[in-house]
Amino acid sequence: MRPQESTLTTEPSWPITDLLAASAKLGIRLWRGDGELGWRVPAGAVLAPGMQNSLDRSRAMLFGAATLPARENICLAPLNASSRADANLICIHPLHGTVYDYRHFSGHIAGNYGVYGLHAVGMLLESAPPRSMDEMAERYTDELLKNDLCEKPFVLYGGCTGGFIALQIARRLAARGRPPASLVFGDTRDLSDGGEAVRNAGWWITFVEAFLSYDLACALIATDHEFWSLSPDHRFDYLIETVAALPQTLYSLPLEREVLERHFAQYGRYLTSYGSVALGEYSGRVLFLKASVANWSFSAQLRRFLTGTCVLEDIRGNHVSLFRSTNGAAMAAVLQVELERAASRE
């Protein structure tokens, strides 16, 4: 299948892990079929400069990464290019729904280990938001089993709120005789609504991060940003003008007001799904990665459901830094140990 036409550039090739993470953020689907690589770009998605060219020039490596069967996976995306994996690391998205943050450590995973991400972008682009974390967990469990990613040893990782989904997936897979070698939580905190102001700001920031500009989403964290002085109606105009003027950005929705308004409302319904989860006991091995400067310890909401071995390990920095390039190598080193442990027990 030929990839969707797009403007070619002469920009240098992207690192393969950055290319895969960006593809996952856009909801691009990669698969193998009849000895050829196939991919589908969502309608309205805009690739960053050089990305299409890199996709074309990296077909052989992408074919190695797309070890999934000849089917389009709406939620599952490869994050590295290992063609033969002794064990797999499966990463579940945090609140915003993408696995783009995980590019910071996926490129540091060495050896024959596969890294995959489970994201909500595909469902959201198709206007089919999940109604609960349990629904997400059921959908993601099904994707893993259909793609045979649990046939080899694997480690489940859930960053931030993704930890709650990872726990539900681990319980489902264990019930089917396919438990993970380790379940890893990345600074997963107790679920809290934070109040109306926090909810409203978080809705906008995570929406921008999921569908528009990652850098702009980071800038909006500042409470004195000019964006917050605008009325909700004018905020959409600001997003359209600002994102269109950014030279190095990539986004998965067309910059049209009606489209953004519709998906923004839908995204709000997706965020409310995090308030609906029925946690249950899990007896497998757990590793909890905690930001060293955080003034709290293990999530109380999780702790009471974990009945097996639990290991607590500090990662230097704060909560946000766990998902940034400054901690990419440190996160990869910890996760690599878990992968090696998993492979050695095969």
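These exercises, each with a worked solution, explore a predicted model of one protein chain.

**Exercise 1. Overall form**

Task: Decide what the radius of gyration says about the chain.

Solution:
- Step 1. Start with the length. The chain has 346 residues.
- Step 2. Find the expected value. A compact globule with 346 residues would have a radius of gyration near 20 Å.
- Step 3. Compare. The chain has 19 Å, which agrees with a compact globule.
- Step 4. Add the box. Along the principal axes, the C-alpha atoms fill roughly 50 × 50 × 35 Å.
- Step 5. Add the secondary structure. There are 13 helices and 9 strands.

**Exercise 2. Inside, outside and charge**

Task: Describe the burial, contacts, surface and charges of the chain.

Solution:
- Step 1. Take burial. Of the 346 residues, 57% count as buried.
- Step 2. Take the contacts with a separation of 6 or more. Residues 24 or more positions apart account for 79% of them.
- Step 3. Take the surface. The chain exposes about 14,400 Å², and carbon and sulfur atoms supply 50% of that area.
- Step 4. Take the charges. There are 32 positive and 37 negative ones, and their mean positions are 5 Å apart.

**Exercise 3. The nonpolar cores**

Task: Find which residues touch the most other members of the largest nonpolar core.

Solution:
- Step 1. Recall a general trend. In soluble globular proteins, nonpolar side chains tend to be buried together.
- Step 2. Look at the largest core. It has 61 residues, and Ile-169 and Leu-212 touch the most other members.
- Step 3. Ask which element gives the largest share. Helix α7 (residues 162-175) does, with 7 residues.
- Step 4. Look for another core. A core of 52 residues lies apart from the largest one, and its members include Leu-30, Leu-55, Ala-87 and Ala-342.
- Step 5. Return to Ile-169. Beyond four places in sequence, Ile-169 touches Ile-92, Leu-118, Ala-137, Tyr-140, Thr-141, Leu-144 and Leu-156.

**Exercise 4. Leu-20**

Task: Is Leu-20 buried or exposed?

Solution:
- Step 1. Locate the residue. Leu-20 lies in helix α1 (residues 16-26).
- Step 2. Apply the cut-off. Buried means under 20% relative accessible area. Leu-20 has 1%, so Leu-20 is buried.
- Step 3. List contacts beyond four places in sequence. Leu-20 is in contact with Leu-30, Leu-62, Ala-65, Pro-78, Leu-79, Asn-80 and Ala-81.
- Step 4. Check one distance. Leu-20 and Cys-75 are 55 residues apart in sequence and 14 Å apart in space, C-alpha to C-alpha.

**Exercise 5. Positive phi**

Task: Find where Cys-160 and Asp-187 lie, and give their phi.

Solution:
- Step 1. Recall the general rule. Most residues other than glycine have a negative phi.
- Step 2. Take Cys-160. Its phi is positive, about 55°, although Cys-160 is not a glycine. Cys-160 lies in the loop between β6 (154-159) and α7.
- Step 3. Take Asp-187. Its phi is also positive, about 55°. Asp-187 lies in the loop between β7 (182-186) and α8 (196-211).
- Step 4. Check burial. Asp-187 has a relative accessible area of 0%, so Asp-187 is buried.

**Exercise 6. Two serines in loops**

Task: Place Ser-213 and Ser-273, then list their contacts beyond four places in sequence.

Solution:
- Step 1. Place Ser-273. It is in the loop between α11 (257-272) and β8 (286-291). At 0% relative accessibility, Ser-273 is buried.
- Step 2. List its contacts. Ser-273 touches Pro-130, Arg-131, Ser-132, Met-133 and Met-136.
- Step 3. Place Ser-213. It is in the loop between α8 and α9 (214-219). Its relative accessibility is 2%, so Ser-213 is buried.
- Step 4. List its contacts. Ser-213 is in contact with Val-208, Val-243, Leu-246 and Thr-249.

Notes:
Residues numbered from 1 in each chain as written. Predicted model: local features only at pLDDT ≥ 70, side-chain atom pairs only at ≥ 80, totals over all residues. Heavy atoms only, no water. Rg over C-alpha atoms; globule rule 2.2 N^0.38 Å. Buried < 20%, exposed > 50% of the residue type's maximum accessible area, 1.4 Å probe, protein only. Contact = heavy atoms within 4.5 Å. Areas by Shrake-Rupley, 256 points an atom, 1.4 Å probe, with all protein chains shown as cover. Lys, Arg positive; Asp, Glu negative; His and termini not counted. Charge placed at Lys NZ, Arg CZ, Asp CG, Glu CD. Core = buried A, V, L, I, M, F, W, Y, C linked by side-chain atoms within 4.5 Å.
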